[in-house]
Amino acid sequence: MKKFYITTPIYYSSGNPHIGHANTTIMADVLAKYKKLIGYKTYFLTGMDEHGQKIEEVAKKNNISCIDMINNNAKIFQELWKKLNINYDYFIRTSNDKHKEFIQKIFNELYEKGYIYLDVWKSKYCVSCEENILESEIKEKDGQKVCQHGHSLIDKNEESYFLKVSEFKNWVINFLNNNDVVYPKNRINELLSNFLNDNFTDLSISRTTFDWGIKVPINDKHVIYVWLDALFNYISALKINNVFDEFWDDETEKVHLLSKEITRFHCIYWPIFLEMLNLPKPSKIISHGWIVTKEGKMSKSLGNVINPFELIDKYGSDVVRYYSMKEVSIKNDSIYDIELLENCYNSDLANRYGNIISRVLGMTKKYFDNKIPKYIGVDNEINKTFHKKIIDFIVGIEDKINSLDVNEIVNYVVLFEDQINLYVEELKPWALIKEERIEEVQDFINLIYYAAQLVVWYLSPILNDATLIATKQMKFNLNDFCLNLERQILKNENNMLEESSPIFQRIISK
Ligand code: MSP
């Protein structure tokens, strides 16, 4: 059986989840479900990044212990995933003792291999981003030195352990250029020019200025740098669940999802860490664009942070999931906007998906008393052409799923939905009935019913509640649905369909 492993970034435990976190997690959930649909054994990991200076500071500011804060926040994120019908296999938290032991073991291994040395780190550090800022990255704002996101920087002169990543610069450049690992591809150019240049130096991997982290096993004055701790979650989680050998081997398709601001850590440092330890590398790192609002980037100070809980309460989880997968672009930044969401809902979910199902139910009721008639296979050009379109659709969608570009998958289904509607208009079953060409209408109902089943089947990784309603109304079971047209059509014969009731009511804007 082919295997597929997908991860989201582990989210910082210093704040509440927003629509950006939700979007990446929905995407991972949807891709895992699509891969399952085409026969893969899958493993889907998400979780929380719970160490580091920022978490310590936020907890202090809120007068709460770090432990209480991370426990509360893990609960809130998990609650959101439940509301969004996210089915992860494991929720990793870096405060987990087994994860901590694993990270210390990794540190020892890298040390024993001679990749770690002690030195002094003089640098500018951004507390908000949890990273040392290179000279070339420092910007100026109101006469102050700031990082690329505009946060102020602090001076650091600190004893630190370093990892000899600079020895791997050429290796990683080759790795990025020779493998189809980064998607979209143009992110590689940014990495090469911004980071893999003459300033690419060894990485400081320990801190002495705060406590909230995993202790360096050979020197307890130091805690391990949060990114080393965090990136290894992708394999510590597998070890904890005894599936490391199964899902971190060369055969498994191993995919990391994230957005562009942390591409550098995933595409440069993470492969180098793995190479140092002779471990397999990820097969794909998908770095999607940012969600922004009409006012620009979401930020607490602008008050434009989109709260996913409120959206789900208002529109339901299916709508939030569908809109994210269809309209939030992987390649570019996207504006997340309620008007766009409502338009997408009306055009795609109410007018396409919902309408196709209610049309099939309505016509089956009108022409055949709700019962799927026998398929005859009489000669009719329009039926024949549509039959071929169905087969092409099934063949084509597998490539789309394997491209892992959710925007493309959804758009491909939408095109098929449009073909279904066109088919009805072209065949005009109402006219055939008048001419008593019943057998052709029998074939038509069979083909369109099967096509509607395909739509439900291929949107089931995205739509949860709607799938339950649609399969109930259409009287079929996803668990024994068969992609072979002839066989499924035989199975469908005599199905008694339910009365149609709208799955998605149109939203009338005020
Ligand atoms: N803890 C690190 C990741 C460590 S992974 C080994 C971190 N956490 S985070 O809480 O800041 O989450 C960042 C991720 O959340 C992004 O990479 C992206 O997947 C998602 N998003 C957060 N804000 C986003 C947008 N505005 N738009 C889209 N996704 C964004 O970085």
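A cavity here is a set of grid points where a 1.4 Å probe fits but cannot get out, whereas a pocket is an open set. With that in mind, a search of this whole structure, which is a predicted model, turns up 3 cavities of 30 Å³ or more. There are pockets to look at too, and the largest of them holds about 1800 Å³ of space. That's also where you'll find the ligand.

**The largest pocket**

- The largest pocket, at about 1800 Å³, is lined by 47 residues, and the closest to its centre are Y12, H18, H21, K54 and K297.
- Several elements chip in two or more residues each to this lining: β1 (3–12), α1 (19–37), α2 (53–61), α7 (226–231), α8 (233–240) and α10 (263–276).
- Sort the lining of the largest pocket by class and you get 20 nonpolar, 19 polar and 8 charged residues.

**The ligand and its shell**

- The ligand sits in the largest pocket, with 24 residues around it; I10, T24, D49, S259 and I291 come nearest.
- β1, α1, α7, α8 and β14 (253–259) each give two or more residues to the shell around the ligand.
- β1 has the largest share of that shell, with 4 residues.
- By class, the shell around the ligand comes out as 13 nonpolar, 9 polar and 2 charged residues.

**Polar contacts to the ligand**

- D49 pairs up with a nitrogen atom of the ligand: an N or O atom in the D49 side chain lies 2.7 Å away from that nitrogen.
- For Y12, the partner atom is a backbone N or O, 3.0 Å from an oxygen atom of the ligand.
- H21 uses its side chain instead, with an N or O atom there 3.3 Å from a ligand oxygen atom.
- As for how covered the ligand is, the protein buries 92% of the 670 Å² that the ligand exposes when taken alone.
- Y12 and H21 turn up twice in this story: both are listed among the residues closest to the centre of the largest pocket, Y12 has its backbone contact with the ligand, and H21 has its side-chain one.

**The second largest pocket**

- Next in line is a pocket of about 460 Å³.
- Its lining has 21 residues, with K33, L37, S460, P461 and L478 nearest the centre.
- α1, β2 (41–49) and α18 (465–474) each supply two or more residues to the lining of this second largest pocket.
- α1 is the top contributor there, with 5 residues.
- The class split for the second largest pocket is 9 nonpolar, 8 polar and 4 charged residues.
- α1 is worth following by eye: it gives two or more residues to the lining of the largest pocket, and it gives the most to the lining of the second largest pocket.

**Cavities**

- The largest cavity has a volume of about 150 Å³.
- Some 16 residues line the largest cavity, and N132, L134, L203, R264 and Y269 lie nearest its centre.
- β5 (131–133), β10 (203–204) and α10 each give two or more residues to the lining of the largest cavity.
- α10 gives the most to that lining, with 3 residues, and α10 also gives two or more residues to the lining of the largest pocket.
- In class terms, the largest cavity is lined by 8 nonpolar, 4 polar and 4 charged residues.
- The second largest cavity contains about 70 Å³ of space.
- I382, T385, F386, K389, Q419, L422, Y423 and E426 form the lining of the second largest cavity.
- Both α14 (381–403) and α15 (406–427) supply at least two residues to the lining of the second largest cavity.
- That lining has 4 nonpolar, 2 polar and 2 charged residues.

**Backbone oddities**

- Most residues other than glycine have a negative phi, and most peptide bonds are trans, so exceptions are worth a look.
- Y183 and P184 are joined by a cis peptide bond, with omega at about -10°.
- P184 falls in the loop between β9 (182–183) and α6 (187–194).
- N63 isn't a glycine, yet it has a positive phi of about 55°.
- You'll find N63 in the loop between α2 and α3 (66–83).

Definitions and conventions: Residues numbered from 1 in each chain as written. Predicted model: local features only at pLDDT ≥ 70, side-chain atom pairs only at ≥ 80, totals over all residues. Heavy atoms only, no water. 1 Å grid on protein atoms, 1.4 Å probe; cavity = no way out; pocket = protein on both sides within 12 Å on 5 of 7 lines; lining within 4 Å. Points joined across faces, edges and corners; volume = space filled by probe spheres on them. Nonpolar A, V, L, I, M, F, W, Y, C, P; charged D, E, K, R; others polar. Near = heavy atom within 4 Å. Polar contact = N/O pair within 3.5 Å; in protein donor to acceptor, adjacent residues only side chain to side chain. Areas by Shrake-Rupley, 256 points an atom, 1.4 Å probe, with all protein chains shown as cover. Sits in = over half its atoms within 2 Å of the grid points.
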